[in-house]
Amino acid sequence: MADVPMLEMKGITKRFPGVLANDNVDFDLYAGEVHTLLGENGAGKSTLMKVLYGLYQADEGEMRLNGEPVTITSPTSAIEHNIGMIHQHFMLVDTLTVAENVALGLHSSRGALTDLDAVSEKIVDLGSQYGLEIDPAATVWQLAVGQKQRVEIIKALYREAQLLILDEPTAVLTPQEVDQLFETLNQMTADGRGLIFISHKLHEVLALSDRITVLRQGRVTGYTTTEGATRASLASMMVGRDVKLAPDKPEVETGSAALEITGLRVIGDRGNVVIDGLDLDVRRGEILGIAGVSGNGQRELAETIAGLRDAEAGSISIAGTDVTNGRPVDVRAAGLAYVPEGRMKDGSIGLFTVAENLLLIDHNSKEFLDAGLLNFDAIRTHSQTLVDEFAVKTPSLDTPVRSLSGGNIQKLILARELSGTPNVLIASQPTRGVDIGAAEYIHKRLVAQRSEDTAILVISEDLDEIFGLSDRIAVMYEGRIMGIVDTSITREEIGLMMAGVTREEAAAG
Ligand SMILES: Nc1ncnc2c1ncn2[C@@H]1O[C@H](COP(=O)(O)OP(=O)(O)O)[C@@H](O)[C@H]1O
Ligand SMILES: [Mg+2]
């Protein structure tokens, strides 16, 4: 490492109305290294980087580049200082080609046509140098997400970025794409660039970083070199207490198959086959994890079981009752509880209050009816019990659900769905976008439900979650189960299966 850091940020404070987004933050970066900013949602990571990139002005603090004080007032001035930023949400124009997107905003005295040829040539060069192959003539809307990200990175390299900020770049990628991205990033640090990596995925952070700074509620709460750091040590810095990343799972004797699916075939919204000859059993007392990249039929599978979508062929039964193409109320009556992945869309109704949401499935239950009228006292008592038991942080039972955090909405839905004793529970992406502390609690509840002899289907893109919870793992790819494996399988093997490679091929390397 050089003596002088390429970047020093000292005492950065940034306020928004009512929010202290960055509170006296120090951060630095040397050429040739990856320094990760780690923290939960809302910790202030993006804000700090937007200050660096000139999108926000800090209220207090100073920045130096290569030892010289600088004021960065706009992205244009950031680019002039050889700073590039890959945003969480891509900033590309869909209707233009790759080359046109890269050329956009470049200053040139020459004609546009000549320029585009030169731009294309350089895109190909950069692509082969950094493993970012892309067709410069392709139109952006045709590209897959991973390819769009390549365009963003090429754009930054084209502008000669020496310091590159990557804000949650892996959130949209498959495990294979993540590996590929990391190779690219390692190549860039080997060439002397400095990278700021933002993530909350602990194993990725450990795999890529040289140093790690942890933010919590706008403040630096931890700093470590990667050597000697563990997932557990990072998690406790993020949360401010010790956390269990994988729940304690007691031995449970599994019972009969409470969920049985045979030969299921489902047509998707665009008329294509999204589930194709799928067989699956989940037994009482077990958690079956479905691993896979989103968009391989997982959502449709859950919706078809829940009666929200029709099966074209095949059968589904819950605790021995055939529920194929049943109405949602019938499936519920057979003993299904369902925690959907789109929390605000399907799982809760944002304008309704906490108490009203907790009642959504129980409104016909005798307990809450008094001569045909809703018994509001009974409802409130019931709701308060659930809120307490599930540690939902809400100002009151009358708070509209949309003003709660993602983790608390998720706990609320779980509280509602687990308030009976379901035969089968489907939890889709149960901790997506949820804080580590809330995730820990949700996992504990799922494991507790397993001990109550519920058959549990957990659908998740998060492999740590799949490994931590599952008794068996089914890997889903293009509407089929690629294989059912136990948790001794390696991350690499499962990653390959998620990309459509069979278990035998994956095991053969
Ligand atoms: N433009 C903004 N206006 C008001 N509040 C904001 C704005 N951007 C971020 N915040 C708030 O600042 C805090 C930090 O947000 P952010 O930097 O996006 O966190 P992270 O990237 O770590 O998830 C959050 O409380 C967020 O709601
Ligand atoms: Mg962010």
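**Ligand 1 and the two domains**

In this predicted model, the residues around ligand 1 are Phe-16, Val-19, Ala-21, Gly-39, Asn-41, Gly-42, Ala-43, Gly-44, Lys-45, Ser-46 and Thr-47, a residue being near a molecule if its C-beta atom, placed from the backbone, lies within 6 Å of it. Strand S2 (19-29) and helix H1 (45-52) each give two or more residues to this shell, with helices (H or I, at least four residues) and strands (E, at least two) taken as DSSP runs numbered from the N terminus. H1 puts in the largest share, three residues. By type, the shell around ligand 1 splits into six polar residues, four nonpolar and one charged; here Ala, Val, Leu, Ile, Met, Phe, Trp, Tyr, Cys and Pro count as nonpolar, Asp, Glu, Lys and Arg as charged, and the others, Gly among them, as polar.

Zooming out, the chain is assigned domain 1 (7-239) and domain 2 (257-348 + 422-507), with bounds from an automatic or database domain assignment. The centres of the two domains, taken over C-alpha atoms, sit 34 Å apart. Nine residues from domain 1 and nine residues from domain 2 make up the contact, which requires C-beta atoms, placed from the backbone, within 7 Å. On the side of domain 1 that touches domain 2, helix H6 (175-190) and helix H8 (231-239) supply at least two residues each, and H8 has the largest share there, three residues. That side of domain 1 comprises four nonpolar, four polar and one charged residue.

As for bookkeeping, residues are numbered from 1 along each chain as its sequence is written, while chains are lettered from A and ligands numbered from 1 in the order in which they are written. In this predicted model, local features need pLDDT of at least 70 and side-chain atom pairs count only at pLDDT 80 or more, whereas totals for chains, interfaces and linings use all residues.

Methods. Contact = placed C-beta atoms within 7 Å.
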